[in-house]
Amino acid sequence: MTKSVLKKRNELFTRELARLNEGQRAAVEQIEGPVLVVAGPGTGKTHILAARIGRILLDTDTLPSNILCLTFTDAGVLAMRQRLIEFIGPEAHRVHIYTFHSVVHGL
């Protein structure tokens with residue numbers, strides 16, 4: 001990835017973080033341990049979780065392939081993947097994003 005692409009992506013990510021409210025920012029900045037986000041449709045859950053993954057990758061030595069993200073619907077998987085691509089670029093394809101159903105049946 002070129003420096004200009006990386007700089008543009010970081011600027012976008014920084015702007016998106018600045019738009020979060022206090023509760024959202026707390027969820028994004030919680031690096032250690034699990035975070036459960038419970039909210040209604042259209043309240044920004046996907047945005048918050050994608051931002052948290054971006055923050056973890058930015059602030060730690062965690063690899064994208066060491067992150068598991070679970071959602072209830074296939075649409076949620078697609079939305080999360082797209083949001084991560086916007087935030088972190090092609091590395092988003094290395095983050096494991098599944099529905100709860102697909103994970104349970106995969107065991």
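In this predicted model, strand β2 spans residues 96–99 and has two unlike faces. I97 and T99 form its covered face. H96 and Y98 form the uncovered one. Strand β1, residues 68–71, shows alternation as well. Its C69 and T71 point to one face and are buried. L68 and L70 point to the other face and are not buried. Such alternation between the two faces of the sheet is what a regular strand shows.

The two strands pair with each other. β1 and β2 run in the parallel sense, and four bridges connect them. Two of the bridge partnerships can be named. L70 has Y98 as its partner in β2. T71 is partnered by T99. The first of these joins L70, on the face of β1 that is not buried, to Y98, on the uncovered face of β2. The second joins T71, which is buried, to T99, on the covered face. Helix α4, residues 74–88, completes the arrangement: β1, α4 and β2 make a β-α-β unit, and the unit is right-handed.

T99 merits a closer description. This residue lies in strand β2. Its relative accessible area is 6%, under the 20% limit, so T99 is buried. Leaving aside residues up to four places away in sequence, T99 touches L70, T71, F72, T73, D74 and V77. Among these contacts, L70 and T71 belong to β1. D74 and V77 fall within the residue range of α4, 74–88.

Helix α4 also carries L78. At 62% relative accessibility, L78 counts as exposed. The C-alpha atoms of L78 and H96 are separated by 12 Å, with the two positions 18 residues apart along the chain. H96 is on the uncovered face of β2.

Aromatic contacts were examined next. A search of the whole structure finds two aromatic pairs. One is formed by F13 and F87, with ring centres 5.2 Å apart. The planes of F13 and F87 stand at 70 degrees, so this pair is edge-to-face. The pair links distant parts of the chain. F13 sits in helix α1, residues 3–18, and F87 in helix α4, 74 residues away. Both rings belong to buried residues: F13 has a relative accessibility of 5%, and F87 has 4%.

The other pair consists of F72 and F100. Its geometry is tilted, with 4.7 Å from centre to centre and 35 degrees between the planes. F72 lies in the loop between β1 and α4, while F100 is in helix α5, residues 100–106. The pair therefore ties together parts that are 28 residues apart in sequence. Burial here contrasts with that of F13 and F87. F72 is exposed, with a relative accessible area of 71%. F100 is partly exposed, at 37%.

F87 also takes part in a contact with E16. E16 is found in helix α1. This acidic residue is buried, at 13% relative accessibility. Beyond residues up to four places away in sequence, E16 touches H47 and F87. The contact with H47 includes a polar one: 3.2 Å joins the side chains of E16 and H47. H47 falls within the range of helix α3, 45–59.

E22 offers a contrast in exposure. Its place is in helix α2, residues 22–29. E22 counts as exposed, at 70% relative accessibility. From C-alpha to C-alpha, E22 and D74 are 29 Å apart in space, and they are 52 residues apart in sequence.

The largest nonpolar core contains 21 residues. Within this core, I53, L84, I88, V95 and I97 touch the most other members. Helices α1, α2, α3 and α4 are the elements that give two or more residues to the core. The largest share, six residues, comes from α3. I97 ties this account back to strand β2, where I97 is on the covered face.

V95 shows how some of these members meet. Outside residues up to four places away in sequence, V95 touches I53, P64, I67, R81, L84 and I88. Three of the residues it touches, I53, L84 and I88, are again among the core members that touch the most others.

Note on methods
Residues numbered from 1 in each chain as written. Predicted model: local features only at pLDDT ≥ 70, side-chain atom pairs only at ≥ 80, totals over all residues. Heavy atoms only, no water. Buried < 20%, exposed > 50% of the residue type's maximum accessible area, 1.4 Å probe, protein only. Pairing = 2+ DSSP bridges. Right-handed = clockwise from strand over helix to strand, strands pointing away. Phe/Tyr/Trp six-rings, centres within 6.5 Å; stacked < 30°, edge-to-face > 60°. Polar contact = N/O pair within 3.5 Å; in protein donor to acceptor, adjacent residues only side chain to side chain. Contact = heavy atoms within 4.5 Å. Core = buried A, V, L, I, M, F, W, Y, C linked by side-chain atoms within 4.5 Å.
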